[in-house]
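The following exercises concern ring geometry, nonpolar cores and helix packing. Each task is followed by a worked solution.

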Amino acid sequence: MTMNERKTIDLEQGWEFMQKGITKLKNILEGLPDPQFSAEDYSMLYTTIYNMCTQKPPHDYSQQLYEKYRESFEEYITSTVLPSLREKHDEFMLRELVKRWANHKIMVRWLSRFFCYLDRYFIARRSLPPLNEVGLTCFRDLVYQELNAKVRDAVISLIDQEREGEQIDRALLKNVLDIFVEIGMGQMDHYENDFEAAMLKDTAAYYSRKASNWILEDSCPDYMLKAEECLRREKDRVAHYLHSSSEPKLLEKVQHELLSVYATQLLEKEHSGCHALLRDDKVEDLSRMFRLFSKIPRGLDPVSNIFKQHVTAEGMTLVKQAEDAASTKKAEKKDVVGLQEQVFVRKVIELHDKYLAYVNDCFQNHTLFHKALKEAFEVFCNKGVAGSSSAELLATFCDNILKKGGSEKLSDEAIEETLEKVVKLLAYISDKDLFAEFYRKKLARRLLFDKSANDDHERCILTKLKQQCGGQFTSKMEGMVTDLTLAKENQTSFEEYLSNNPQASPGIDLTVTVLTTGFWPSYKSFDLNLPAEMVKCVEVFREFYQTKTKHRKLTWIYSLGICNIIGKFEPKTMELIVTTYQASALLLFNSSERLSYSEIMTQLNLSDDDVVRLLHSLSCAKYKILNKEPNTKTISPTDVFEFNSKFTDKMRRIKIPLPPVDEKKKVIEDVDKDRRYAIDASIVRIMKSRKVLGHQQLVMECVEQLGRMFKPDFKAIKKRIEDLITRDYLERDKDNPNTFRYLA
């Protein structure tokens with residue numbers, strides 16, 4: 001029989017054949033003993049549909065078959081599926097639903113294969129819903145719409161049972177919730193609207209009930225443990241049966257109920273809140289607090305505030321302790337040794353180490369906590385102790401570490417580490433310029449009196465300071481260190497010069513340190529009347545220096561000189577190590593037995609203060625080289641002195657100290673002067689680029705520019721502006737006196 005003579009199949013006859021196939025499929029699904037489809041069965045069913053759709057009109061039954069396809073599902077659902085679901089409840093109903101949905105998908109797969117030809121042409125041409133979609137839509141409209149509320153409540157009830165610690169069938173829930181997802185055919189709206197919204201609402205209510213009890217019963221660490229455990233379990237829930245898109249929403253609800261609602265109460269719990277955890281170093285609990293509170297919006301702000309308050313309070317306690325210790329020392333004896341201040345700086349460093357570790361470990365290096373730490377340290381690091389500013393304390397602390405015989409005995413690594421930490425602390429100090437000046441003064445003493453323990457350490461801290469505060473900050477100090485190296489070379493060439501010119505010998509061993517004026521602190525240079533022996537030395541060195549350079553002027557700073565002189569006393573001859581001033585005074589007694597205060601003053605050509613210091617060190621201190629009349633503890637202008645020939649000491653060689661002048665006042669004055677110049681320069685720089693600027697803005701910009709070195713005082717800036725106006729750098733605007741113009 002050829003193609004054209006194919007027998008026409010009418011609708012009833014064809015459908016009857018199809019109906020047998022569909023019934024067989026239903027029987028298989030219902031578990032009745034019907035054999036599986038063979039390839040031949042499948043081929044016959046497919047061909048029947050093919051033939052019925054490719055017959056010439058009016059025998060093209062595509063439209064009718066398309067409708068029959070839907071009716072097959074509807075009939076099966078109404079007659080078999082719905083009754084079996086309606087008679088079951090809760091978990092049994094869920095199991096039935098999962099089974100029915102699985103069967104339905106199989107039925108859709110087989111039927112859409114039988115009717116496949118419809119999909120290829122009829123449906124494609126008419127833009128109708130494809131067979132697969134029609135099959136799933138039937139289930140959605142008939143089963144899902146009727147049951148979804150009941151299913152949702154059953155699922156939520158099971159979830160709550162699990163939250164209370166009961167065992168539930170997680171696989172069942174996963175399968176049920178998959179129906180909510182699959183029924184959307186690529187859209188999530190059924191899952192979200194019909195299930196998720198109610199589930200989230202129930203979750204919020206559940207945890208709200210729990211939290212209201214826990215907050216009353218539990219300590220902060222216990223509460224946080226529970227909260228963390230709940231969050232972990234909810235995450236686990238998502239992994240096992242909820243859809244992954246629910247995770248952020250679910251956790252947000254739990255966090256809100258457990259943490260956001262009770263954040264303040266939790267953090268401020270009397271004996272276990274954030275303050276208590278910091279006080280008792282509960283590192284693990286603090287880490288947990290950070291983990292939990294970082295998840296809620298603005299949750300870390302209160303934690304970082306409490307952290308800041310705590311660190312500030314700890315620091316202020318250290319300041320107070322140091323103050324108290326210093327005042328008790330003052331009460332005991334006048335001379336307050338700087339040991340207390342050393343202890344204070346050491347404790348501040350330890351405090352910084354401790355809380356920096358907290359920031360890095362517990363608070364995961366979070367910027368908010370770095371900021372809190374910085375602000376806390378800025379508060380108490382800028383408080384002075386016993387009249388010394390923190391800038392001075394830090395400089396003294398460094399000096400103690402870097403000089404020979406300091407009170408700190410540390411290994412090289414420990415010194416390096418400590419210096420690193422001091423430089424970190426410097427970042428919190430507003431008067432960095434004051435530190436620089438104190439540090440420079442102390443560095444000068446270390447270098448000039450050969451007190452520096454190790455050159456590498458000196459250079460190492462300068463490198464660190466340079467990184468922290470910029471090259472300008474350390475340029476002078478670096479110059480000082482270099483100067484000393486050059487001075488040593490200079491001394492070597494001086495010694496060579498002497499050995500080549502024996503007639504030039506000064507008769508005394510002479511070491512001269514030549515320094516560059518600009519790098520070093522300014523020293524008072526008096527025209528001290530040198531003893532004849534020393535005048536020769538000065539002359540010889542001057543001649544040598546002229547051979548090296550003609551254009552440099554040498555200024556001698558006698559106040560920094562040191563001499564070794566031999567004292568011939570009756571008991572024994574001794575070597576005395578004294579300053580140039582002391583030596584000059586003692587040498588006067590070679591030609592006179594007795595000298596009065598005024599004679600000494602005239603012959604040495606020194607100021608009152610210096611002479612008093614000098615004579616006190618020789619006649620009233622530990623070593624009485626001179627006898628004084630009257631024999632009192634203080635020097636007055638009417639005193640008379642004579643050489644104490646009976647003096648002796650168990651040592652052959654003694655050093656007679658000359659108490660240094662207290663330079664604190666001078667350092668502060670110098671820094672003030674430098675600040676005036678810095679403010680001037682800053683104002684002129686700003687005005688030069690802006691030409692016209694209001695007072696407020698000028699002050700703010702000036703503060704911002706100078707803030708890296710020191711906190712300029714508003715009054716000082718105002719004064720400098722006035723001064724610059726009188727010096728014709730700026731002028732006030734005629735119409736608005738609060739505005740300034742730059743005068744080029």
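**Exercise 1.** Determine whether Phe369 is buried or exposed, and then classify its ring pair with Phe363.

*Solution.* Phe369 has a relative accessible area of 0% and is therefore buried (under 20%; exposed is over 50%, partly exposed in between, with a 1.4 Å probe and protein chains only). Phe363, at 1% relative accessibility, counts as buried too. The model is a predicted one, in which local features need pLDDT of at least 70 and side-chain atom pairs count only at pLDDT 80 or more, whereas totals for chains, interfaces and linings use all residues. Residues are numbered from 1 along each chain as its sequence is written, and side-chain values use heavy atoms, without hydrogens and water.

A pair of aromatic rings is described by the distance of the centres and the angle of the planes. For Phe363 and Phe369 the centres lie 4.0 Å apart and the planes meet at 15°, so the pair is stacked (centres within 6.5 Å, planes under 30 degrees apart). Both residues belong to one aromatic cluster with Phe290, Phe307, Tyr355 and Tyr358.

**Exercise 2.** Describe how helix H21 packs on helix H22.

*Solution.* H21 (residues 471-500) and H22 (residues 532-548), both DSSP runs (H or I, at least four residues), pack at about 105° with axes 11 Å apart; axes are lines fitted to C-alpha atoms over the stretch in contact, and angles run from 0 to 180 degrees between N-to-C directions. H21 is therefore roughly perpendicular to H22 (65 to 115 degrees). Among the residues in contact (heavy atoms within 4.5 Å) are Phe494 and Tyr497 of H21 and Phe541 and Phe544 of H22.

Definitions and conventions
Helix = DSSP H or I, 4+ residues; strand = E, 2+ residues; numbered from the N terminus. Parallel < 35°, antiparallel > 145°, perpendicular 65-115°, else oblique. Phe/Tyr/Trp six-rings, centres within 6.5 Å; stacked < 30°, edge-to-face > 60°.
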